[in-house]
Amino acid sequence: MPYKTPRSISKFCRTVLPLLHGRTDGKRVLKVIDEIVDTDRWNSFDRFHDTTKTLVRRYEEAGAKAEVYAIQTGGAIGSGRWIVQEAEDVRGATVDVVRPVRQRILDYRENPWHVIQWTSGTPREGMTNELVVVDTEEELQKVCPGGLRGKMVLTKLDPRSRLKQLTDRGAAGVITDHPVAKLPEATAWTKFGWGGIPIENAAAQLVGLVLSERAGEKLRGLVRKHGRLTLHTKVDVRRYVGTHDLVSGIIRGGDDPQDEVWVLAHSAEPGAIDNASGVAVCLEIARVIEGLIAEGALPRPKRTIRLLNGYECYSFFHYLEHTRRLQTPLAGVCLDTLGAKPEFCDGQLSWRATIPMSAGFVDRVGEAFLRATLRLGRPVYRLILGPFMSTSDTLIGDPKFGFPCPWLTTHFKKQGVYDAYHTSADTLRLLSPDGLARCATAMAAYLYYLADAGSSEVMDLAGTETDGALEQVRGLRRRPAQAAYVRDQHRVSIERLQRWMWGGDRGTILSHLSDCERRVREATPKDGRVKGRVAPDANRVPRRLVPVAPSTENMPSGISERIQAAKLSSWALFWADGDRTLAQIAEAVSCEQGKEAALEQVSTFFEAHADLGYVELVEPKDMTSRAQLIADLKALGLGRGMDVMVHSSMSKIGHVIGGAETVAEALLGVIGKEGTLVMPSFNHRGAEVFNPLATPTTNGAIPDAFWRRPDAVRSLHPTHPVAAVGPKAEAFCRDHLEIGIWERESPIGRVIHGGGYLLLLGVDHNASTAYHVAEAAIPCGCTDPFGNVDRVVGPDGEVREVRGLAFRGALCPVPPSRLNETLDRRRLQRHGKVGRADATLVKAFDLYHVRREHLKDVCPTCTIQPRIRE
């Protein structure tokens, strides 16, 4: 159902899009593709490193910064993780008929597609073998174990799925001439596995080579003519522990460079369309945007655009999981197989949606820019919209660990995919300079818009998303489950849009977003179906532990078989948000796929993932309710009217129904409307720029959920803001930046000197920030509240420099852990359990007083100084 184009995008298309279009050069993109193919086509890791050098040089020439992230091969075998098991360099390969005639059959130097990736090598002098033809599964099954010993097998079968069968029967090698439809001269790109040989076949070693269908027929003709052929084969490969590279081209954000929009375009494959085209379009995007910035025609976007090129799936997923960042990327796109001439893709430019459980508003943003771009100049493509499809790369749309990521491609025709896909026929002649330029223009617009958007765009997008969702749910009055599915997708988009808040009045923006969510929720028809009793197992809640979905190539066969037996998509895993039960996930999957997903299927699927370590299945008996939390907090001594600062560990409390939000609700429920709840909202200098509307806290799940509440007040401080809800919230949080981080009139100082309490849930006083207020009051000389220069985003959206904390340059000689002992010895604090967590309640002034006692004879002679950044 069509969504209206947001006003901010319409304006962008009138003002910025023509600038981008005028700078994009499709012929330049073609030249870059040629350069990339020149090294990637060898399908050899040493040449992939040559591609890295090309990309670094090209990004730097474009004016972007280039980074190389080298990923060591190998990893946890059987873990499900996406690992490239080892590097392999291919130095050469030849096959010759030596008896009864002499004739060369193939040469890697003439056509690199002849070598199957992950092939074994031969002895240096080569090997001589009789050729046998085995063209059907039935023929292969009839061969007894050892029956192909020492033979070279010629087959039309796909050798990847028959690797173990061939090695079990003793074959020394395999030559496949698996036909390529409509292209008998083309050599198919063939691999024994994607990241290596799958672990169930890991011991299977086989020389693997490829011929075109036409060349295979010639070889078969020699067999028919002479009866028996003897081949001499030389394959020179080297397998080793090495690295594969992920190259980033970085268009640095001008205001908050840490917050990023990502582009995935895999390299390390031999085709021009798949996917040197996507990589070259990344380089063109960098050149166009950086060029316009350098000319002063465009301001630098607020946030960074990171263009990533590396080994498909394996490099992107590793980088996502293993590099430290303050928060996940905002959004992105996958560019894979772009710029085909219209005759090879039936004139279709496909825009495939992000993964269904992620923020789908990006689909509409990209669609708007694509439609506007395709209207520029003569028609090249028709835009075809499609539902999510996994390229495997697009699994990075994982809503918990990844980001919404649609896919742009010319991969598809009306029937199937372009003919030359994964074959030696995938060359520059298939590419359209104009088509490449349109893809680059549209994606430059999409990326720049998302990287530069602020609060006004948030409100604009939320409005159009809401109008579109309302139209959908009103058309689903007789299908309440589907309407609820649309409602939930809309809610995810509204929540994700908060990441883009930048400047403006927080209350006004959140009120608008809340109203958008309310309107769709209220328009959604109630499900009047009478639901029967569900089995206890149906109420289990899967909690995800690991990013993206696992690779079936790197998991034990028993687990792989169970996952496959469930007959669910790999991304069904992402419906587990830590709150949905298995029964609710079954309903969501049913809505997504348009047919019923049985609870038994869903249970099998998640139980297998639990055995693999990808999820934890929480039993109903192990869940903590809001009512139980309230009872525990009251038993500890928390009561109505208290002002309390809370430090917490969600993992220690255990699985709470409703998550971190429920913990905050329980705390507020106990202290009532008369009490004020305070939590740290620190980033501990993890944020280069503090945006009070969007910068997350590093204090854990409960404080991060707490500060995002519409009724929360957040103090302005670049590294150590606090959040508060209650009648004293405004007073506690006022003037934090000007007063100083831990001064008497700071937010935490006001809690201490106003008779407030400290509550520790699953942590001890090492986490009690209040003791720093005591240190500042002595005063200690090891901290300076205004010793460093930091940056914050103001209400006007401008970034300004402010004075912030310079913390001590070494550990305090009096560890804060002494507070636990002294307060217990003096019976000044109460202990109990909240959920599964050990909990402590103490008057904040008591902790303040004890810390001052501990330090009064130490601070005057202490030589530790504040760490001042240069």
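Select D643 and K728: their side chains make a polar contact at 2.6 Å. A polar contact here is a pair of N or O atoms within 3.5 Å; within protein, one must be able to donate a hydrogen and the other to accept it, and residues adjacent in sequence count only if both atoms are side-chain atoms. This is a predicted model, in which local features need pLDDT of at least 70 and side-chain atom pairs count only at pLDDT 80 or more, while totals for chains, interfaces and linings use all residues. Residues are numbered from 1 along each chain as its sequence is written, and side-chain values use heavy atoms, with hydrogens and water left out.

Stay on D643. It sits in the loop between α19 (626-636) and β18 (644-648). Helices (H or I, at least four residues) and strands (E, at least two) are DSSP runs, numbered from the N terminus. D643 is buried, at 7% relative accessible area. Buried means under 20%, exposed over 50%, and partly exposed in between (1.4 Å probe, protein chains only). Now show its neighbours. Leaving out residues up to four places away in sequence, D643 touches E674, G675, T676, K728, F732, G756 and Y757. Contact means heavy atoms within 4.5 Å.

Next, strand β21, residues 722-725. V722 and A724 point one way, A723 and V725 the other, and all are buried. β21 pairs antiparallel with β19 (residues 677-680) over four bridges. Two strands pair if DSSP finds at least two bridges between them. Strand β20 (residues 713-714) also runs antiparallel to β21, joined by two bridges. Centre on A723: M679 stands opposite this residue, and so does R714.

Move to the seven-stranded open sheet. Its order is β3-β2-β8-β4-β5-β6-β7, with mixed pairing. The edges are β3 (103-107) and β7 (207-210), each pairing on one side only. From one strand to the next, the twist averages 25 degrees. Axes are lines fitted to C-alpha atoms, for helices over the stretch in contact, and angles run from 0 to 180 degrees between N-to-C directions.

Inside the sheet, pick β4 (residues 127-133) and β5 (residues 151-155): they run parallel, joined by four bridges. E130 has K151 in β5 as its bridge partner. Then add helix α4 (residues 45-61), which packs on the sheet and touches β2 (87-99) and β8 (230-240). Its direction makes about 130 degrees with that of β2. Helix α7 (residues 213-226) lies across β2, β3, β4 and β5, at about 125 degrees to β5.

Now the largest nonpolar core, with 96 residues. Such a core is a set of buried Ala, Val, Leu, Ile, Met, Phe, Trp, Tyr and Cys residues joined through side-chain atoms within 4.5 Å. L20, I33, Y59, L335, M443 and Y446 touch the most other members. Helix α12 (residues 433-452) gives the largest share, 13 residues. Apart from this core lies another, of 77 residues, among them V143, V174, Y311 and L320. Back on Y446, contacts beyond four places in sequence include W351, F369 and P406.

Two last stops. T604 is in helix α18 (residues 599-612) and is partly exposed, at 24% relative accessibility. Beyond four places in sequence, T604 touches R562 and A566. G578 is in the loop between α16 (557-566) and α17 (582-593). With the same sequence exclusion, G578 touches V541, P542 and H655.
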